[in-house]
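Student: Hi! Could you walk me through this one while I have it open in the viewer?

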Amino acid sequence: QVQLVESGGGLVQAGGSLRLSCVASGKIFSINAMGWYRQAPGKQRELVAAIVNSGITNYADYAKGRFTISRDNAKNTVYLQMNYLKPEDTAVYYCDARVSPRPGLELRYWGQGTQVTVSS
């Protein structure tokens, strides 16, 4: 079993910044990809950004130029630096990881979510 623990959410004024962190622990042979999703009230969960082992990243259009995803492989940790936050960024942010507990097997895990609230 793998656990993902997020931190760094909170309340911030529009134009401010937050840095989210997500640490993976447990039975891990390798972490193939990590990412951040978000879900606002009444809306579907959507991709914010993702990063794979090679360092290649993928961003939602609304995140480009404002958010930066990074990863510390030695610490099994992924970060999301969010700048120039807008009220519409308010949501619960979830970390996800595609983990191989052993070679040849990949499972997907989710964190419990961290609330980000941006006031106008």
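Tutor: Happy to; we'll go through a sheet, a hairpin, the core, the salt bridges and an aromatic pair, and please keep in mind that this is a predicted model.

Student: Great, sheet to begin with. What is the strand order in the open sheet of four strands?

Tutor: The order is 1-3-8-7, and the strands pair antiparallel. Strand 1 (2-7) and strand 7 (67-72) are at the edges with a single partner strand each, so one side of each has no neighbour in the sheet.

Student: And how many degrees does the twist average from one strand to the next?

Tutor: It averages 15 degrees.

Student: Let's zoom in on strand 7. How many bridges join it to strand 8?

Tutor: Six, with strand 8 covering residues 77-82 and running antiparallel to strand 7. If you want to find the register, Phe67 sits opposite Met82, and Thr68 has Gln81 as its bridge partner.

Student: Which side chains of strand 7 are buried?

Tutor: Phe67, Ile69 and Arg71, which point to one face. Thr68, Ser70 and Asp72 alternate with them, pointing to the other face, and are not buried.

Student: What about the hairpin of strand 7 and strand 8, how many residues lie between the strands?

Tutor: There are four residues between the strands. Have a look at Asn76 in that loop: its phi is near 50 degrees, a positive value in a residue other than glycine.

Student: Why point that out?

Tutor: Because most residues other than glycine have a negative phi. Tyr84 also has a positive phi, of about 50 degrees, without being a glycine. You'll find Tyr84 in the loop between strand 8 and strand 9 (91-100).

Student: Is Tyr84 buried or exposed?

Tutor: Tyr84 counts as exposed, because its relative accessibility is 56%. Asn76, at 24% relative accessibility, counts as partly exposed.

Student: Switching to the inside now. Which residues touch the most other members of the largest nonpolar core?

Tutor: Trp36, Leu80, Met82 and Tyr93, in a core of 30 residues. Several strands supply at least two residues each, including strand 3 (18-26), strand 4 (30-39), strand 5 (46-52) and strand 11 (114-119). Strand 9 gives the most, with five residues.

Student: Met82 again! What is it in contact with, leaving aside neighbours within four places in sequence?

Tutor: The list is Gly16, Ser17, Leu18, Leu20, Arg66, Phe67, Tyr93 and Val116. Note that Phe67 is there, the residue opposite Met82 in the strand pairing, and so is Arg66.

Student: OK, charges. How many salt bridges does the structure hold?

Tutor: Five. One of them pairs Arg38 with Asp89, at 2.9 Å from N to O. Arg38 belongs to strand 4 and Asp89 to the loop between strand 8 and strand 9, so this pair ties together parts 51 residues apart in sequence.

Student: Are Arg38 and Asp89 buried or exposed?

Tutor: Both are buried. Arg66 is buried too, and forms a salt bridge with Asp89, with the closest N and O atoms 2.7 Å apart. Arg66 lies in the loop between strand 6 (57-59) and strand 7, 23 residues from Asp89.

Student: Which residues do salt bridges that share partners join into one network?

Tutor: Arg38, Glu46, Arg66 and Asp89.

Student: Where is Arg108, and what is its partner?

Tutor: Arg108 is in strand 10 (residues 107-110) and its partner, Asp96, is in strand 9, twelve residues away. Their closest N and O atoms are 2.8 Å apart. Asp96 is buried at 4% relative accessibility, whereas Arg108 is partly exposed at 36%.

Student: Last topic: how many aromatic pairs does the count come to?

Tutor: One. The rings belong to Tyr37 and Trp110, with centres 5.1 Å apart.

Student: Why is that pair edge-to-face?

Tutor: The planes stand at 70 degrees, and an angle over 60 counts as edge-to-face. Tyr37 is in strand 4 and Trp110 in strand 10, 73 residues apart. Tyr37 is buried, with a relative accessible area of 16%, while Trp110 is partly exposed at 34%.

Student: Thanks, that gives me plenty to click through!

Note on methods:
Residues numbered from 1 in each chain as written. Predicted model: local features only at pLDDT ≥ 70, side-chain atom pairs only at ≥ 80, totals over all residues. Heavy atoms only, no water. Pairing = 2+ DSSP bridges. Axes fitted to C-alpha atoms, helices over the stretch in contact; angles between N-to-C directions. Buried < 20%, exposed > 50% of the residue type's maximum accessible area, 1.4 Å probe, protein only. Core = buried A, V, L, I, M, F, W, Y, C linked by side-chain atoms within 4.5 Å. Contact = heavy atoms within 4.5 Å. Salt bridge = Lys/Arg side-chain N within 4 Å of Asp/Glu carboxyl O. Phe/Tyr/Trp six-rings, centres within 6.5 Å; stacked < 30°, edge-to-face > 60°.
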